[in-house]
Amino acid sequence: INNSTYKLDNYNLNASETSSLLSFKLTSIAQASELVDFVLEMPSNREMKILQITDTQIIDSSQMRSPDRLNKSAVEMWTRGKIDKNCFNHIAELIDSERPDLILFTGDIVYGEFDDTGEIWTRIIDFMESFNIPWAPIFGNHDNDDYKPEGSKKYGGDEYLETLFAECDNCLYIHGPAEVQGSSNYIVNVLEEGSGKLVESLVFLDSYHSGLVQSNTKFYEDAIDYVKTLNNDVTPRSIVFEHVPITQYGDA
């Protein structure tokens, strides 16, 4: 990667040198049932580095559903040819400079109503896969907009995106239990490489359009209780990632 200029139009960027020594397993571990979906193994001599990206809200103005949805300057700003400059180049620069072990997308990566063809999401996935670094997406309230205007080739929301994620080599994603609000509810355990010692649990919750509800918090509690049984009855350190801030944040 050239440190000053990124030309990513063809999305053939190979930045595998930015990846750490972290290894990961993209299959559920049998002993953890449905409550531990992925395992990351970290070297014992350093802490994990996570890059969190949120609310990039990528727009392709050529896919406007109505002619008055954006004003003239916004249409020009968000032409398809400027998406690299507006967004992807910045992400590539961050990855190159920070060299994260895990990359998180915590919602509203795409402004869904401006991607009825699904092309932007496809480009994002190809872009992220090119780094050969594990990445984990959580849906926001715009990513999986499944409104289908007449004549649109709209992909249909969560289900379509999940089929794309499933084809990836580096994407940590699984559709959570049916009884839990939303789709992107899953848990990743971080283990110390070699010893298998639990470092922490990363819990991804789908706050959907309005925030977390009881089914999300119960999923968290059940998952942590289960991981505790795998961790010699010691409650693991955990971090929760979501899109819509919790109510207490607004109150504060």
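In helix H3, the buried residues are Ile120, Trp121, Arg123, Ile124, Ile125, Phe127, Met128 and Glu129. Because eight of the 11 residues of H3 are buried, this helix is largely enclosed by the rest of the structure. Its buried residues pack against H2, E4, strand E5 (135-138) and helix H4 (158-166). The model is a predicted one. It holds 10 salt bridges and zero disulfides.

**Helix H3 and its link to H2**

- Arg123, one of the buried residues of H3, forms a salt bridge with Asp84, and the closest N and O atoms of the two are 3.7 Å apart.
- This pair links distant parts of the chain, with Arg123 in helix H3 and Asp84 in helix H2 (residues 83-98), 39 residues apart.
- Both ends of this bridge are covered: Arg123 has a relative accessible area of 19% and is buried, and Asp84 is buried at 6% relative accessibility.
- The 19% of Arg123 still counts as buried because the cut-off is under 20% relative accessible area.

**The loop between E3 and H1**

- Gln63 sits in the loop that runs between strand E3 (50-53) and helix H1 (72-77).
- Gln63 is buried, with 8% relative accessible area.
- Leaving aside residues up to four places away in sequence, Gln63 touches Arg80, Glu113, Phe114, Asp115, Asp116, Thr117 and Ile120.
- One of these contacts involves the backbone: a polar atom of the Gln63 side chain lies 2.8 Å from the backbone nitrogen of Asp116.
- The side chain of Asp116 meets that of Arg65 in a salt bridge, at 2.7 Å from N to O.
- The Arg65 and Asp116 pair links distant parts of the chain, 51 residues apart: Arg65 is in the loop between E3 and H1, and Asp116 is in the loop between strand E4 (102-106) and helix H3 (119-129).
- The two partners differ in burial: Asp116 is buried, with a relative accessible area of 8%, whereas Arg65 is partly exposed at 27%.

**A salt bridge within helix H5**

- Lys218 and Asp222 join their side chains in a salt bridge, with an N to O distance of 2.7 Å.
- The two residues are separated by about one helical turn because they are four residues apart in helix H5 (residues 214-230).
- An α-helix has 3.6 residues a turn, so residues three or four places apart point the same way.
- Both partners are partly exposed, Lys218 at 45% relative accessibility and Asp222 with a relative accessible area of 31%.
- Elsewhere, Asp60, Arg80 and Glu119 are joined into one network by salt bridges that share partners.

**Asp143 in the loop between E5 and H4**

- Asp143 is located in the loop between E5 and H4, and it counts as buried at 1% relative accessibility.
- Its side chain reaches the backbone nitrogen of Gly140 at 2.8 Å.
- A polar atom of the Asp143 side chain also lies 3.1 Å from the backbone nitrogen of Val110.
- Asp143 and Ile58 are 85 residues apart along the chain, and their C-alpha atoms are separated by 9.4 Å.

**Cysteines**

- The structure contains zero disulfides.
- Cys168 is in no disulfide, and the nearest cysteine sulfur, that of Cys171, is 5.1 Å away.
- That separation of 5.1 Å rules out a disulfide because the sulfur atoms would have to be within 2.5 Å.
- Cys168 is buried at 11% relative accessibility.
- Cys87 is also buried, with a relative accessible area of 6%.

**Strands E6, E7 and E8**

- Strand E7 (residues 198-204) is mostly covered, with six of its seven residues buried.
- E7 pairs with strand E6 (residues 186-192) in the antiparallel sense, over six bridges.
- In this pairing, Phe204 in E7 stands opposite Tyr186.
- E6 and E7 form a hairpin with five residues between them, and Gly194 in the turn has a positive phi of about 95°.
- E7 also runs parallel to strand E8 (residues 238-241), and four bridges join the two.
- Leu202 has Ile239 in E8 as its bridge partner.
- From E7 the chain crosses through H5 to E8, in a right-handed β-α-β crossover.

Key:
Residues numbered from 1 in each chain as written. Predicted model: local features only at pLDDT ≥ 70, side-chain atom pairs only at ≥ 80, totals over all residues. Heavy atoms only, no water. Buried < 20%, exposed > 50% of the residue type's maximum accessible area, 1.4 Å probe, protein only. Polar contact = N/O pair within 3.5 Å; in protein donor to acceptor, adjacent residues only side chain to side chain. Contact = heavy atoms within 4.5 Å. Salt bridge = Lys/Arg side-chain N within 4 Å of Asp/Glu carboxyl O. Pairing = 2+ DSSP bridges. Right-handed = clockwise from strand over helix to strand, strands pointing away.
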